Amino acid sequence: MQDIKLKGAIGGHESRKMLSGGEKSLLLQSPAGGEPLVYTWPLQIGSGSDKHDCGIDIIETIRWVFEDMAQSKVAHEQLNFTDVKTTCYDSMTKLCDTYNELIGRIIAGERDSGTFEQRLNKTATKGLLKHILQQVYNGSVDDPDKLNQYEPFSPEVYGETSYDLVCQMIDQIDISPEDVFIDLGSGVGQVVLQMAAATHTKICLGIERAEFPS
């Protein structure tokens, strides 16, 4: 394994971009000081109509992170998204390296001022959380064509609850830390994850009987 050290530091640890087993990869440091997010190169996943460009995911992740941290101005000044080529490894590496260094500086400043823990105790904005859940879905569901494999007009058919609708429910319901949320027919668990991340619910559970849930 070859490690390439970056200039930035995240939470006192050096940020690294790793090449393991000869495979190229890109690394994004966590704004919460947790484990980094690693993308294997090339970034294209899936095929045909399900083909997905993870390079766009990286760019959108960086945008949302800085917006959630109220650092949009820093992102616009330091990162030139318009010149990034998602199919070029050097271009994406430069973007990730710059992001990692900026995050390192921001976290270091927050630790010095004592505001780091305060930021971590805040709930993610609706836009950022929606983006996170989409990334979880993209990384977890290998073959979307296997989903929704139920007979039309059968008892298995039911409506899917959208992210925005769940947001409306959360805004209108007084949810306490003692509440338990159970989603019957939870599919791949998107609503369960949203409730767990967006509220202070004590427990969030999902129950799904289908082999290939929707």
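Here is a conversation between a trainee and a mentor about a predicted model of a protein chain.

Trainee: Let's start with the overall picture. What makes up the secondary structure, and how many residues are buried as a share of the chain?

Mentor: The chain has seven helices and eight strands. Of its 214 residues, 34% are buried. The chain exposes about 13500 Å², and carbon and sulfur atoms supply 51% of that.

Trainee: Why is T199 called buried?

Mentor: Its relative accessibility is 13%, and buried means under 20%, so T199 qualifies. T199 sits in the loop between helix 7 (190-198) and strand 8. Leaving out residues up to four places away in sequence, T199 touches I170 and I175.

Trainee: What makes the pairing of T199 and T201 a polar contact?

Mentor: The two side chains come to 2.5 Å, and the limit for a pair of N or O atoms is 3.5 Å. The T199 side chain also has a polar atom 2.6 Å from the backbone oxygen of M195.

Trainee: Back in helix 7, how do you know that Q194 is buried?

Mentor: The value is 3% relative accessibility, against a cut-off of under 20%, so Q194 is buried. Beyond its neighbours within four places in sequence, Q194 is in contact with L129, L133, Y163, V166 and C167.

Trainee: And why does Q29 count as buried?

Mentor: The reasoning is the same kind of check: 7% lies under 20%, so Q29 is buried. Q29 belongs to the loop between strand 3 (25-28) and strand 4 (37-40). Its C-alpha is 8.7 Å from that of C96, with their positions 67 residues apart in sequence.

Trainee: How do you know that the length of helix 1 agrees with what a helix should span?

Mentor: Helix 1 has 15 residues, 54-68, and the expected span takes 1.5 Å times one less than that number. That gives 21 Å, and the end C-alpha atoms are 21 Å apart, so the two agree. At the start of this helix, a side-chain oxygen of D53 reaches to within 2.9 Å of the backbone nitrogen of G55. After the helix comes A70, with a positive phi near 60 degrees. The buried residues of helix 1 include I58, I59, I62, V65 and F66.

Trainee: Why is the meeting of R105 and E101 called a salt bridge?

Mentor: Their N to O distance is 3.8 Å, and the cut-off is 4 Å, so the pair qualifies. Both residues lie in helix 3 (residues 89-113), four residues apart, about one turn of the helix. R105 is exposed, since 54% is over 50%, whereas E101 at 21% is partly exposed.

Trainee: What makes D171 and K126 a pair that links distant parts of the chain?

Mentor: First, their side chains meet in a salt bridge at 2.9 Å, N to O. D171 is in helix 6 (residues 163-172) and K126 is in helix 5 (residues 126-140), 45 residues apart. D171 counts as exposed at 53%, and K126 is partly exposed at 45%.

Trainee: Last one: why is L205 called partly exposed, and which surface patch holds it?

Mentor: At 42%, L205 falls between the 20% and 50% cut-offs, so partly exposed is the right term. L205 joins V180, I182, L184, I203 and I207 in a nonpolar surface patch with about 560 Å² of accessible area together. Strand 7 (180-184) and strand 8 (203-207) each give two or more residues to the patch.

How values were computed: Residues numbered from 1 in each chain as written. Predicted model: local features only at pLDDT ≥ 70, side-chain atom pairs only at ≥ 80, totals over all residues. Heavy atoms only, no water. Patch = residues over 30% accessible without salt bridge, like charges linked within 9 Å, V, L, I, M, F, W, Y side chains within 5 Å. Areas by Shrake-Rupley, 256 points an atom, 1.4 Å probe, with all protein chains shown as cover. Buried < 20%, exposed > 50% of the residue type's maximum accessible area, 1.4 Å probe, protein only. Polar contact = N/O pair within 3.5 Å; in protein donor to acceptor, adjacent residues only side chain to side chain. Contact = heavy atoms within 4.5 Å.
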